[in-house]
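Reader: Before I rely on any of the labels given to the rings and strands here, I would like to see each one set against its cut-off. Could you take me through them?

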Amino acid sequence: MDDIIIGHTRNWIKDVVIGCNFCPFAAKVFKKNIYYEVVNSPQILNVLETLARNFIAMDENKERKTSLLILNNGFTNFRSYFDLFEIAQALLTKEGYEGIYQLASFHPLYLFKGSNESDPSNYTNRSPYPMLHILREEDVSMAVDNYPASEYIPEINIAFTRQKGLIYMKTLLENCMR
């Protein structure tokens with residue numbers, strides 16, 4: 001089952017994140033430097049233990065540029081997921097990883113603050129499963145510094161999703177699950 005979940009996630013990265021150019025830096029990392037781990041426990045403590053283990057594993061393996069923790073059980077409610085994400089952020093700080101790693105959040109029902117369910121821009125952070133994404137801060141900084149007008153990426157992504165529309169974005173995400 002984990003292989004299927006990872007396959008769906010890889011489809012999403014390839015077809016949505018890279019295909020829509022939501023993250024212009026993802027294609028380079030996608031080929032070889034992403035670690036995927038399916039977390040089957042719905043318990044916050046177990047997710048946080050897995051997150052902490054991944055911080056250590058990334059410390060020990062500099063080739064691992066990013067890790068995706070895919071939450072297969074639980075956290076289907078966006079609010080409960082976001083509570084977990086805030087706790088994960090606090091753990092990152094508590095463990096002394098602020099400035100070394102950063103977390104990004106993805107969820108099937110992602111909803112930006114001030115947005116509504118029918119805004120296609122939510123699909124820039126919608127994924128097949130709830131996920132915690134660990135990135136190396138120095139890699140992110142280097143990529144952003146070397147990308148022209150990187151500060152406009154969110155605006156470009158919002159315009160793209162709104163131009164494509166809700167049905168297109170929803171179908172694109174659903175197709176990742178095949």
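Author: Rings of Phe, Tyr and Trp count as a pair if their centres lie within 6.5 Å. In this predicted model, Phe78, Tyr81, Phe82, Phe85, Tyr110 and Phe112 form one aromatic cluster, and a search of the whole structure finds 11 aromatic pairs.

Reader: Why is the pair of Trp12 and Phe106 called edge-to-face?

Author: The ring centres of Trp12 and Phe106 are 5.1 Å apart, with 70° between the planes; because pairing requires centres within 6.5 Å and edge-to-face requires planes over 60 degrees apart, both conditions are met. Trp12 lies in helix α1 and Phe106 in strand β3, so the pair ties together parts that are 94 residues apart in sequence.

Reader: What makes Trp12 count as buried or exposed?

Author: Buried means under 20% relative accessible area, and Trp12, with a value of 2%, is therefore buried. Phe106, at 12% relative accessibility, also counts as buried.

Reader: What kind of aromatic pair do Tyr97 and Tyr101 form, and how do you know?

Author: The pair is tilted, with 5.3 Å centre to centre and 40° between the planes, because an angle that is neither under 30 nor over 60 degrees falls into that class. Both Tyr97 and Tyr101 are buried.

Reader: Why is strand β3 described as largely enclosed?

Author: Five of the six residues of β3, which spans residues 101–106, are buried, so the rest of the structure largely encloses this strand. Strand β3 also pairs with strand β4 in the antiparallel sense over six bridges, and Leu103 stands opposite Ile134 in β4.

Terms used. Residues are numbered from 1 along each chain as its sequence is written. This is a predicted model: local features need pLDDT of at least 70, side-chain atom pairs count only at pLDDT 80 or more; totals for chains, interfaces and linings use all residues. Side-chain values use heavy atoms; hydrogens and water are left out. Buried means under 20% relative accessible area, exposed over 50%, partly exposed in between (1.4 Å probe, protein chains only). Helices (H or I, at least four residues) and strands (E, at least two) are DSSP runs, numbered from the N terminus. Two strands pair if DSSP finds at least two bridges between them. Rings of Phe, Tyr and Trp (its six-membered ring) pair if their centres lie within 6.5 Å; planes under 30 degrees apart count as stacked, over 60 as edge-to-face and the rest as tilted.
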